[in-house]
Amino acid sequence: MTLLAKPSFLKSRIRVGLWTTVALASLCTSLTNAAPIYKVVDEQTGQVTFTDRPQDYEQQVGKQVSQMAITTGNETSRSTSHTTTNPNTSRQSSNASQTVTATESPAINTKVTTPVNYQLAITEPSEERAYRRPVQNIDVNVQIQPVLQVGDSARIYFDNKEVAQGLSASIATVDVLPGAHTIKAVVQSETGQTLEQITRTVYVIQNTTTLQDNKRKAAQLLAYQKLAWYQKLMLKLRQQEVAQSQ
């Protein structure tokens with residue numbers, strides 16, 4: 001009986017070892033993909049720049065470089081966002097839908113609606129995060145409890161400018177200046193009164209690769225414009241020959 005039980009025990013130990021190895025490999029991969037963001041301050045002008053390439057600024061005089069505790073991209077958040085639900089929410093929601101009738105006279109009844117206590121949560125981005133301009137969009141998703149009542153509305157603002165009505169938005173970064181920006185979700189009543197709001201800070205950094213490509217293309221265009229007409233003609237003929245040979 002003892003000899004037959006040993007192989008089963010060894011197989012269990014091997015399975016546990018394999019699962020542990022896979023878990024450690026996944027953890028190392030997620031830590032490797034996290035790219036730190038650095039804050040660069042110009043000591044003369046006070047201008048602030050956010051970047052993931054600190055080596056571009058460390059050799060420059062008068063630049064103060066410090067690392068920030070945020071990550072880049074639209075990658076999955078390192079921690080899951082949890083929304084705390086008040087155990088009395090269902091009871092408050094039920095009471096909110098009720099109306100109190102005040103009798104002013106035997107012939108006139110006035111209905112007074114109890115305001116709803118909304119709870120908001122920004123699930124995306126779930127934490128402070130940096131986005132590369134102009135290749136990444138800032139996707140915003142908002143959760144609300146309880147559901148919106150008739151007449152109330154949800155709106156999303158970017159730097160105090162309304163960008164969407166509803167609980168989601170996608171903000172293009174192509175026209176957004178590098179730096180810190182504020183996302184705000186607001187619930188308003190039918191009369192425009194703010195019932196609840198929540199904010200989150202995000203950062204926009206310049207895509208270094210795209211910027212370098214644009215500079216290279218601009219330099220090539222300028223050099224082409226300075227060529228004489230016969231040089232431009234010879235260049236076009238050479239490009240046509242290369243295209244035909246391929």
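Reader: Pro146 lies in the loop between S9 and S10, but what makes a stretch a strand here?

Author: Strands are DSSP runs of E with at least two residues, helices are runs of H or I with at least four, and both are numbered from the N terminus. By that rule the protein chain comes to 5 helices and 14 strands. Pro146 is joined to Gln145 by a cis peptide bond, with omega about -10°. Another cis bond links Arg133 and Pro134, with omega about 5°, and Pro134 is in the loop between strand S8 (129–133) and S9.

Reader: What kind of model is this, and which pLDDT limits apply?

Author: It's a predicted model, where local features need pLDDT of at least 70 and side-chain atom pairs pLDDT 80 or more, while totals for chains, interfaces and linings use all residues. Residues are numbered from 1 along each chain as its sequence is written, and side-chain values use heavy atoms, with hydrogens and water left out.

Reader: Why is Arg155 called buried or exposed?

Author: Buried means under 20% relative accessible area, exposed means over 50%, and partly exposed is in between (1.4 Å probe, protein chains only). Arg155 has 18%, so it's buried. Of the 246 residues of the protein chain, 24% count as buried.

Reader: What makes the link between Arg155 and Glu162 a polar contact?

Author: The definition asks for a pair of N or O atoms within 3.5 Å; within protein, one must be able to donate a hydrogen and the other to accept it, and residues adjacent in sequence count only if both atoms are side-chain atoms. The side chains of Arg155 and Glu162 come in at 3.3 Å, and those of Arg155 and Gln188 at 3.1 Å. Over at Arg53, the side chain has a polar contact of 3.1 Å with that of Asp56. Arg53 is in the loop between strand S2 (48–51) and helix H2 (55–58), and at 31% relative accessibility it's partly exposed.

Reader: Which residues count as being in contact with Arg155, beyond its neighbours within four places in sequence?

Author: Contact means heavy atoms within 4.5 Å. Arg155 has such contacts with Glu162, Ala164, Gln165, Gly166, Lys184, Ala185, Val186 and Gln188.

Reader: How do you know that S10 pairs with S11?

Author: Two strands pair if DSSP finds at least two bridges between them. S10 (residues 153–158) and strand S11 (residues 161–165) run antiparallel and have 4 bridges, so they meet that threshold. One of the bridges matches Arg155 with Gln165.

Reader: What is unusual about phi at Asp159 and Asn160, and where are they?

Author: Asp159 has a positive phi near 55° without being a glycine, and Asn160 has one of about 65°, also as a non-glycine. Asp159 is in the loop between S10 and S11, and so is Asn160. Asp159 is partly exposed at 36%, whereas Asn160 counts as exposed at 66%.

Reader: What makes strands S7 and S12 edge strands?

Author: Start with the sheet: it's open, has 3 strands in the order S7-S9-S12, and pairs antiparallel. Strand S7 (119–124) and strand S12 (168–172) each have a single partner strand, so one side of each has no neighbour in the sheet. Neighbouring strands are turned by 25° against each other on average, direction ignored. S9 (residues 137–145) and S12 share 5 antiparallel bridges, including the one between Asn141 and Ser168.

Reader: Why is the pair of Phe50 and Tyr203 called tilted?

Author: The structure holds 2 aromatic pairs. In the one formed by Phe50 and Tyr203, the centres are 4.7 Å apart and the planes make 55°. Rings of Phe, Tyr and Trp (its six-membered ring) pair with centres within 6.5 Å; planes under 30 degrees apart are stacked, over 60 edge-to-face, and the rest tilted. Those values therefore give a tilted pair. Phe50 sits in strand S2 and Tyr203 in strand S14 (residues 194–206), 153 residues apart. Phe50 is buried at 7%, and Tyr203 is buried at 9%.

Reader: And what makes Trp229 and Tyr230 a pair of its kind?

Author: Their centres are 6.0 Å apart and their planes stand at 90°, so this one is edge-to-face. Trp229 is exposed at 66%, and Tyr230 is partly exposed at 44%.

Reader: How do you know that the charge of Lys184 sits over the ring of Tyr157?

Author: The rule needs NZ of Lys or CZ of Arg within 6 Å of the ring centre and within 35 degrees of the ring normal. The charged end of Lys184 is 5.4 Å from the centre of the Tyr157 ring. Lys232 lies over the face of Tyr224 too, at 5.3 Å from the ring centre.

Methods
Axes are lines fitted to C-alpha atoms, for helices over the stretch in contact, and angles run from 0 to 180 degrees between N-to-C directions.
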